[in-house]
Amino acid sequence: MIDTHTHIDMLQNPEAEIKAALVAGVEKVIIPGVEPDTFYKITEFIDKYDNVYGMLGVHPSEAQKFTENTAKQIALLAHHPKIVGIGEIGLDYYWDKTFVDVQKKVFKTQIEIAMALDLPVAIHDREAHLDTFNILKEANYNKVVMHCFSGSVEFAKECVNLGWYLGIGGVVTFKNARKMKDVVREIPIENIVLETDAPYLTPHPFRGEENAPKYLNLIAKEIANLKDLTLDFVQKETTKNAEKIFNFDKKD
């Protein structure tokens with residue numbers, strides 16, 4: 001299995017959790033970028049561990065920190081052979097709507113960087129489905145992973161029709177997550193990748209504790225149950241999907 005989105009560098013004991021992930025069958029993990037100050041930390045981290053990969057990007061909540069120098073920094077560091085995407089980038093209208101225009105501008109700029117580098121984008125979309133979708137569609141770029149997908153079945157189908165992937169995490173295991181369960185039932189397994197978003201959104205029955213990649217199989221099991229598939233099939237197909245979109249064998 002591959003954990004396509006995990007802030008493992010934020011965990012209390014990252015090294016122990018990397019080892020625990022391997023034991024649990026998680027062969028690769030990807031650390032997303034959040035703000036410019038973390039970029040070099042990510043590259044140092046992925047150099048240290050064989051099965052850890054990275055992305056570079058500025059989270060929408062940190063969009064005001066994005067400068068022309070940030071764009072140059074991403075473009076330069078993205079040539080690292082273990083940087084496999086641009087993210088997490090996007091729009092977040094949940095916490096603060098006072099700088100939406102800045103978020104949109106930074107989002108578009110980072111999509112342009114990804115397109116120039118031919119790297120997939122990991123999208124953060126919170127309470128901003130329509131604007132996120134329209135910006136991505138206008139860019140006409142289909143190397144898209146909708147991280148921590150939270151939309152409706154209808155929105156999921158719109159994304160899938162464009163060839164995008166949906167990142168499914170611990171929320172799908174929550175008993176009250178009816179909408180998320182419906183999404184998983186309705187979309188093809190060919191458009192699903194697994195993620196934990198650790199240390200957040202810990203799957204049941206460990207909800208409330210620190211999340212970690214070692215719990216990825218709980219998400220895979222729930223997807224298997226919802227889609228009436230075998231666990232082995234879900235593991236293999238989602239791994240195949242992740243390998244296809246993130247192209248771990250990319251060369252400088």
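**Reading a predicted fold: charges, sheet and core**

Modeller: In this predicted model, the mean positions of the 29 positive and 38 negative charges of the protein lie 3 Å apart.

Biologist: What counts as positive and what as negative here?

Modeller: Lys and Arg are taken as positive, Asp and Glu as negative, while His and the chain ends are left out; on that basis there are 29 positive and 38 negative charges.

Biologist: Why is the protein called as compact as a globular protein of that length?

Modeller: The globule rule gives 18 Å for 252 residues, and the radius of gyration of the protein is 17 Å, close to that value, so the protein is as compact as a globular protein of that length. Its C-alpha trace spans about 45 × 40 × 35 Å along the principal axes, and its secondary structure comes to nine helices and eight strands.

Biologist: What makes strand E1 and strand E8 the edge strands?

Modeller: Eight strands form an open sheet with parallel pairing, in the order E1-E2-E3-E4-E5-E6-E7-E8, and strand E1 (2-3) and strand E8 (192-194) each pair on one side only.

Biologist: How do you know that strand E7 pairs with E8?

Modeller: Pairing requires at least two bridges between the strands, and three bridges join strand E7 (residues 165-168) to E8, the two running parallel; within this pair, Gly167 stands opposite Val193. By the same criterion of at least two bridges, strand E4 (residues 83-92) pairs with E5, since six bridges join them, again in parallel, and here Ile89 stands opposite Ile123.

Biologist: Why is strand E5 described as largely enclosed by the rest of the structure?

Modeller: A residue is buried when its relative accessible area is under 20%; five of the six residues of strand E5 (residues 121-126) are buried, so the strand is largely enclosed by the rest of the structure. For the protein as a whole, 58% of the 252 residues count as buried.

Biologist: Is Thr70 buried or exposed, and how do you know?

Modeller: Thr70, which is found in helix H3 (residues 68-77), has a relative accessible area of 3%, and because the cut-off for buried is under 20%, Thr70 is called buried.

Biologist: Which residues is Thr70 in contact with, leaving aside its neighbours within four places in sequence?

Modeller: Contact means heavy atoms within 4.5 Å, and Thr70 is in contact with Pro36, Phe39, Val58 and Lys65 once those neighbours are set aside. Across the protein, residues 24 or more positions apart account for 70% of the contacts with a separation of 6 or more.

Note on methods
Residues numbered from 1 in each chain as written. Predicted model: local features only at pLDDT ≥ 70, side-chain atom pairs only at ≥ 80, totals over all residues. Heavy atoms only, no water. Helix = DSSP H or I, 4+ residues; strand = E, 2+ residues; numbered from the N terminus. Rg over C-alpha atoms; globule rule 2.2 N^0.38 Å. Buried < 20%, exposed > 50% of the residue type's maximum accessible area, 1.4 Å probe, protein only. Charge placed at Lys NZ, Arg CZ, Asp CG, Glu CD.
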